[in-house]
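Subject: Structure for you to look through

Hello,

Here is the structure I promised to pass on to you. Please open it next to this message and follow along as you read.

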Amino acid sequence: MTEGFSTLEGWYTLHDFRTMDWPAWKALDPREKALVQEELFSLLHRFCAIDEKREGSFGLFDVAGHKADFLFLNLRPTLEEITSLERDLNKTQFARYAKPAYSYVSVVEISNYLHGQEKKPEDMLQDPYVQSRLYPVLPKVKAICFYPMNKKRDGQDNWYTLPVEERRALMRDHGMTGRKFAGQLTQMIGGSIGLDDWEWGVTLFANDPVVFKKVVTDMRFDVVSARYAEFGAFFVGNALDNDQLIKALDGTCHSTSK
Ligand code: 76R
């Protein structure tokens, strides 16, 4: 840990992207389809109940493009709960039709680049704002954008050899750009060094997906992104409630109440 810099960690996250085998799904007998959906809904009810008890958070999204069809996004206090819920989904009949497309594991992270430089981590943890960022209720907005990213370690462009003061100044500019979008966008940063293939998973939530394009474009002009950022694949989608999910699956289900 470099001097003057620390991170706090909250809930573990699993972004579980699935691609539907639509021909197999369409070929299912309607009664069979209803049973598969009912089993899926009982699992989704459990995920939602955890959200209500504040023992994690859950969101389901309809992904645009061919990279995936659905995103199951789950946050939990421990990695054991993450592997267990992943298995629960895999054991459903629905998983025969909803194949793994991509996944990302991280832990919600906030850094003290801008806040709490003088505060001890244990004092920062008392702050209700910090609590709400580390243990977030996923916002009930229309759209989501997810992508993994790194900070470069490439010759002169090495984020990790920059002095902390320089990183802090660059992150201040990043934060200022971000704040121009206050009220239109929520960011959730998942730290994934040592957990997955990239260093962070960035999840953005907004009602208008155009905001994703605008914020990511503006940030490309900040030195921290222009010079040091490397990006993985981008995923974008719409939030799905139970009724919309049934419509998407083109089926019927008796136990749709949340
Ligand atoms: O003000 C604060 O409380 C937090 C300031 C802040 C930090 C520390 C902040 C603000 N971010 C921080 C950390 Mn962010 N963020 C991204 C991306 O596309 C790109 O170019 C980058 C992807 C977006 C769009 C975005 C949005 N942020 C980070 C980190 C960890 C870096 C590290 O530790 O080195 C990453 C990888 C990252 C990436 N950021 C904001 C936003 C927005 C909209 C804000 C202001 C609003 C907010 O605080 O939520």
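A good place to begin is D88, which has a relative accessibility of 21% and therefore counts as partly exposed, since buried would require a value under 20%. Please keep in mind throughout that this is a predicted model.

The side chain of D88 meets that of R46 in a salt bridge, with N and O 2.7 Å apart. This pair links distant parts of the chain, because R46 sits in helix α2 (residues 30–52) and D88 in helix α3 (residues 79–91), 42 residues apart. R46, like its partner, counts as partly exposed, here at 47% relative accessibility.

How many salt bridges are there by this rule? The count comes to eight, and two others are worth finding on your screen. One of them joins R18 to D16, whose closest N and O atoms are 2.7 Å apart; R18 counts as buried at 2% relative accessibility, and D16 is buried as well, with a relative accessible area of 6%. Another joins R227 to D157, with the closest N and O atoms 2.5 Å apart, and it links distant parts of the chain, R227 lying in the loop between α8 (223–226) and β10 (229–231) and D157 in strand β7 (residues 157–158), 70 residues apart. R227 is partly exposed, with a relative accessible area of 35%.

Now please turn to the ligand, which contains a manganese atom. Which residues are the protein donors of that atom? They are H174, through NE2, and Q187, through OE1, lying 2.2 to 2.5 Å from the manganese atom. H174 belongs to helix α6 and Q187 to strand β8, 13 residues apart, so that this pair too links distant parts of the chain. Six donor atoms surround the manganese atom, and because they subtend angles of 75 to 178°, the arrangement is octahedral. For six octahedral donors, the ideal angles are 90 or 180 degrees. Q187 itself is partly exposed, with a relative accessible area of 33%.

Around the ligand as a whole there are 26 residues, of which Y147, H174, R179, Q187 and S225 come nearest. By class, this shell has 15 nonpolar, seven polar and four charged residues, and its largest share, five residues, comes from α6. Polar side-chain atoms also approach the ligand: one of S225 lies 2.6 Å from an oxygen atom of the ligand, one of H174 lies 2.9 Å from a nitrogen atom, and one of Y129 lies 3.2 Å from an oxygen atom.

Best wishes

Notes: Residues numbered from 1 in each chain as written. Predicted model: local features only at pLDDT ≥ 70, side-chain atom pairs only at ≥ 80, totals over all residues. Heavy atoms only, no water. Near = heavy atom within 4 Å. Polar contact = N/O pair within 3.5 Å; in protein donor to acceptor, adjacent residues only side chain to side chain. Helix = DSSP H or I, 4+ residues; strand = E, 2+ residues; numbered from the N terminus. Nonpolar A, V, L, I, M, F, W, Y, C, P; charged D, E, K, R; others polar. Donors = N, O, S within 2.8 Å, 3.2 Å for Na, K, Ca; no water. Tetrahedral: all angles 85-135°; square planar, octahedral: opposite > 155°, others 65-115°. Buried < 20%, exposed > 50% of the residue type's maximum accessible area, 1.4 Å probe, protein only. Salt bridge = Lys/Arg side-chain N within 4 Å of Asp/Glu carboxyl O.
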